[in-house]
Amino acid sequence: MADTVLYEVSDGLATITLNRPEAMNAMNIETKVALRDAAQAAAADGGVRAILITAAGDRAFCVGQDLKEHIGLLAADKESGSRHTMSTVREHYNPIVRALTGAPKPVVAAVNGVAAGAGFGFALCADYRIVADTAAFNTSFAGVALTADSGMSWNLPRVIGPGRAADLLLFPRSITAQEALELGIANRLVPSSELRGEAEKVARALAAGPTVAYAALKEAVAYGLTHSLDETLEKEDELQARAGASEDHVIAVQAFVNKEKPKYLGR
């Protein structure tokens with residue numbers, strides 16, 4: 001895996017760190033491939049019970065596409081008559097989004113600075129976003145004559161509502177950390193100096209939790225957003241049966257009866 005993305009697993013927590021601080025963690029091809037591979041590895045690893053995605057430096061979480069590389073690739077496409085450059089959505093962004101949103105475990109994003117374009121989209125893929133008070137968000141796409149990608153057209157309306165999403169997509173602007181909290185983009189706002197510690201604390205707590213139940217909760221919420229009440233009730237029945245058959249459910253009930261703190265196994 002390229003050093004533009006760092007990947008570490010410790011005590012059930014996979015930490016993915018975007019590592020191009022000199023470029024505000026922009027997505028060049030090398031970084032997109034590495035992030036895709038890291039996200040897929042973390043999602044598929046049964047020993048990983050939570051995922052933390054963050055970034056190096058204090059200026060940016062990720063400013064999206066590396067436009068310096070992108071303009072060169074567009075020129076090469078024009079010369080060759082191909083359209084390979086825009087296949088990055090299919091080859092890189094979509095697999096990253098699917099891995100993070102579909103991971104059967106909680107995903108936490110620690111947003112340390114500017115999250116723009118695809119960087120904003122990746123942050124929205126997390127189940128829980130902890131945001132530094134110095135961070136900012138920007139949809140950016142319309143500003144470079146593009147439509148939304150990185151799952152933003154699906155996630156943003158679900159987080160803040162379709163009307164507000166349309167406003168931010170059609171008229172890109174910088175959204176402060178405080179406004180992000182008010183809109184529901186940020187779940188928790190912390191001083192920048194405390195971000196990494198707080199994010200690791202939350203992610204490790206989730207990694208020590210009932211993983212099967214967390215996976216079922218993620219699946220239930222995603223399903224309920226696109227299905228009828230009756231269909232969702234059937235899905236709840238299916239998922240509750242799965243969670244109820246887990247070892248962690250037995251552990252939790254026994255701990256409750258004994259007035260003890262449960263020690264989950266993640267299965």
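Asp 11 sits in the loop that joins strand E1 (5–10) to strand E2, where strands (E, at least two residues) and helices (H or I, at least four residues) are DSSP runs numbered from the N terminus. This is a predicted model, in which local features need pLDDT of at least 70 and side-chain atom pairs count only at pLDDT 80 or more, while totals for chains, interfaces and linings use all residues. Residues are numbered from 1 along each chain as its sequence is written, and side-chain values use heavy atoms, with hydrogens and water left out.

The loop around Asp 11 belongs to a hairpin of E1 and E2 with two residues between the strands, and in this hairpin Asp 11 takes a positive phi near 50 degrees. Most residues other than glycine have a negative phi, and Asp 11 has its positive value although it is not a glycine. With a relative accessible area of 69%, Asp 11 is exposed; here exposed means over 50% relative accessible area, buried means under 20%, and partly exposed lies in between, with a 1.4 Å probe and protein chains only.

The two strands on either side of this loop, E1 and E2, run antiparallel and are joined by six bridges, and two strands are said to pair if DSSP finds at least two bridges between them. One example is Tyr 7, whose bridge partner in E2 is Ile 16. In general, strands of a sheet pair through backbone hydrogen bonds, either parallel or antiparallel.

Strand E2 (residues 13–18) is also joined to E3 by six bridges, and these two strands run parallel; among the partners, Ala 14 is matched with Ile 51 in E3. Six of the six residues of E2 are buried, so the strand is largely enclosed by the rest of the structure. Its two faces are both covered, since Leu 13, Thr 15 and Thr 17 on one side and Ala 14, Ile 16 and Leu 18 on the other are all buried.

Strand E3 (residues 50–55) can be read in the same manner: six of its six residues are buried, so E3 is largely enclosed by the rest of the structure. From E3, Ala 50, Leu 52 and Thr 54 point one way, whereas Ile 51, Ile 53 and Ala 55 point the other way.

After E2 the chain enters the loop that leads to helix H1 (29–44), and Asn 25 is found in this loop. Asn 25 has a positive phi of about 55 degrees although it is not a glycine, and at 1% relative accessibility Asn 25 counts as buried.

Another part of the fold is an open sheet of four strands, in the order E4-E6-E8-E9 and with mixed pairing. Strand E4 (60–62) and strand E9 (175–176) stand at the edges, each with a single partner strand, so one side of each is left without a neighbour in the sheet. E4 pairs with strand E6 (residues 114–116) in the parallel sense over two bridges, and within E6 the bridge partner of Cys 62 is Ala 115.

Further along the chain, the path turns to two helices. Ala 220 is found in helix H9 (residues 211–224), and at 22% relative accessibility Ala 220 counts as partly exposed. The C-alpha atoms of Ala 220 and Glu 238 are separated by 9.8 Å, although these residues are 18 residues apart along the chain. Lys 235 has its place in helix H10 (residues 229–244) and is buried, with a relative accessible area of 13%. Leaving aside neighbours within four places in sequence, Lys 235 is in contact (heavy atoms within 4.5 Å) with Glu 219 and Tyr 223.

The chain as a whole can now be described, with its 11 helices and 10 strands. Its radius of gyration is 19 Å, close to the 18 Å that the globule rule gives for 267 residues, so the chain is as compact as a globular protein of that length; the radius is taken over C-alpha atoms, and the rule is 2.2 Å times the number of residues to the power 0.38. The C-alpha trace spans about 70 × 40 × 35 Å along its principal axes, and 45% of the 267 residues count as buried. Among the contacts with a separation of 6 or more, 68% are accounted for by residues 24 or more positions apart.
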